[in-house]
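Thanks for coming, everyone. I'll take you through one model this morning, strand by strand. Have a look at it first.

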Amino acid sequence: MSEENRPQQRAIRSFVLRQGRLTRAQAHALEHHWQDYGIDYSPKLLNFSDLFDNNNDVFIEIGFGNGESLIAQAEQYPQQNFIGIEVHGPGVGHLIHLAVKAGLDNIRVIRHDAVEVLQAMIADDSVAQFQLFFPDPWHKKRHHKRRIMKPAFIELIRQKLRPGGTFHMATDWQPYAEEMLDQMDSSEGFSNTAGKGHYSPDRGQRFETKFERRGKRLGHGVWDLIYRKK
Ligand SMILES: C[S@@+](CC[C@H](N)C(=O)[O-])C[C@H]1O[C@@H](n2cnc3c(N)ncnc32)[C@H](O)[C@@H]1O
């Protein structure tokens, strides 16, 4: 039976889990500070004001990698709350290690598939900004089905953003940037802050990420896209 005709057993995920080794600092952070920064996945809506003990805006980053740039942002913007979602254990450990070092109290982390987290734990119309920085480009054509940017995902983001909230994406892979631009420009319910057909002229609040640095070393460009929920 061809792959297309096979009954779909489970949703295609945007990642393949390769956990890799934890450094000693990452393991220590996970063991001793998960209770301070970690949120266990459970299909129950989060209450942001209880979680952060304030009513500040909540920014959610999907696939933060090693967490470096998200930590820099949380340090720079103490009046905003941040939730990072990542499946890669060493990255989660690294983010917690950095959060402890910086003494941050405006950041939390969830180690689970972001699509399921959004569906089950995030209330509609509640998020000030979603961030999707350098999602896996899945270069090969036969892997494109794994790309996270799909109509159902875009609709999920729209649902969870509050009216006027923003969706900030970035990529170093031009064909993926073009696809994102097309998808987002034709999505009902969003407006392009740079004007239809245009990439963002700046990177907003985004700090340079590890994956971005790697792309630059390889001579790649960087494209940012920022859309506002109508
Ligand atoms: C190419 S890396 C980029 C990491 C980081 N944003 C950066 O720029 O350095 C993409 C990351 O997204 C994570 N990821 C992919 N799909 C995910 C999902 N559905 N939920 C949570 N994390 C995901 C991967 O584990 C990986 O760490």
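**From the core outwards**

Start at F130. Setting aside residues up to four places away in sequence, F130 touches I60, I62, I157, L161 and F167. Bear in mind that this is a predicted model.

Now the wider setting. The largest nonpolar core has 49 residues. Which of them have the most contacts inside it? They are I60, L95, I96 and F130.

I60 takes us to strand β1, residues 58–62. Is β1 enclosed or open? Of its 5 residues, 5 are buried, so the rest of the structure largely encloses this strand. In a regular strand, side chains alternate between the two faces of the sheet. In β1 both faces are covered. V58, I60 and I62 are buried on one side, F59 and E61 on the other.

Next, the partners of β1. Strand β2, residues 81–85, pairs with β1 in the parallel sense, over 5 bridges. Within β2, I83 is the bridge partner of I60. Helix α3, residues 68–76, joins in here: β1, α3 and β2 form a right-handed β-α-β unit.

β1 also pairs with strand β4, residues 127–133. Again the sense is parallel, this time with 3 bridges. Look for E61 here: Q131 of β4 stands opposite it.

Carry on from β4 to β5. These two strands are parallel and share 6 bridges. L132 has M169 in β5 as its bridge partner. A second crossover sits here: β4, α6 and β5 make a right-handed β-α-β unit.

How many of the 11 residues of β5 are buried? The count is 8, so to speak of β5 as mostly covered is fair. On the other side of the pairing, β5 and β7 run antiparallel, joined by 6 bridges. T171 stands opposite W223 of β7.

Back to helix α6, residues 151–160. Its buried residues are I154, I157, R158 and K160. What do they pack against? The list is α5, β4, β5, α7, β6 and β7. I157 is also one of the residues that F130 touches.

Now a charged residue, R111. R111 lies in the loop between β3 and α5. Is R111 buried or exposed? It is buried, because 22 other C-beta atoms lie within 10 Å, and the cut-off for buried is 20 or more. Leaving aside neighbours within four places in sequence, R111 is in contact with E86, V87, G89 and V92. R162 is elsewhere: it is 51 residues from R111 along the chain, and their C-alpha atoms are separated by 24 Å.

Last stop, the ligand. There are 23 residues around it, and G63, G65, A114, T209 and F211 come nearest. Which elements give two or more residues to this shell? They are α5, residues 114–121, and α8, residues 210–217. α8 gives the most, with 3 residues. By class, the shell has 12 nonpolar, 6 polar and 5 charged residues.

To recap two points. β1 pairs in parallel with β2 and with β4. β5 is parallel to β4 and antiparallel to β7. Over to you for questions.

Key
Residues numbered from 1 in each chain as written. Predicted model: local features only at pLDDT ≥ 70, side-chain atom pairs only at ≥ 80, totals over all residues. Buried ≥ 20, exposed ≤ 12 C-beta atoms within 10 Å, placed from the backbone. Helix = DSSP H or I, 4+ residues; strand = E, 2+ residues; numbered from the N terminus. Pairing = 2+ DSSP bridges. Right-handed = clockwise from strand over helix to strand, strands pointing away. Near = placed C-beta within 6 Å. Nonpolar A, V, L, I, M, F, W, Y, C, P; charged D, E, K, R; others polar. Core = buried A, V, L, I, M, F, W, Y, C linked by C-beta atoms within 7 Å. Contact = placed C-beta atoms within 7 Å.
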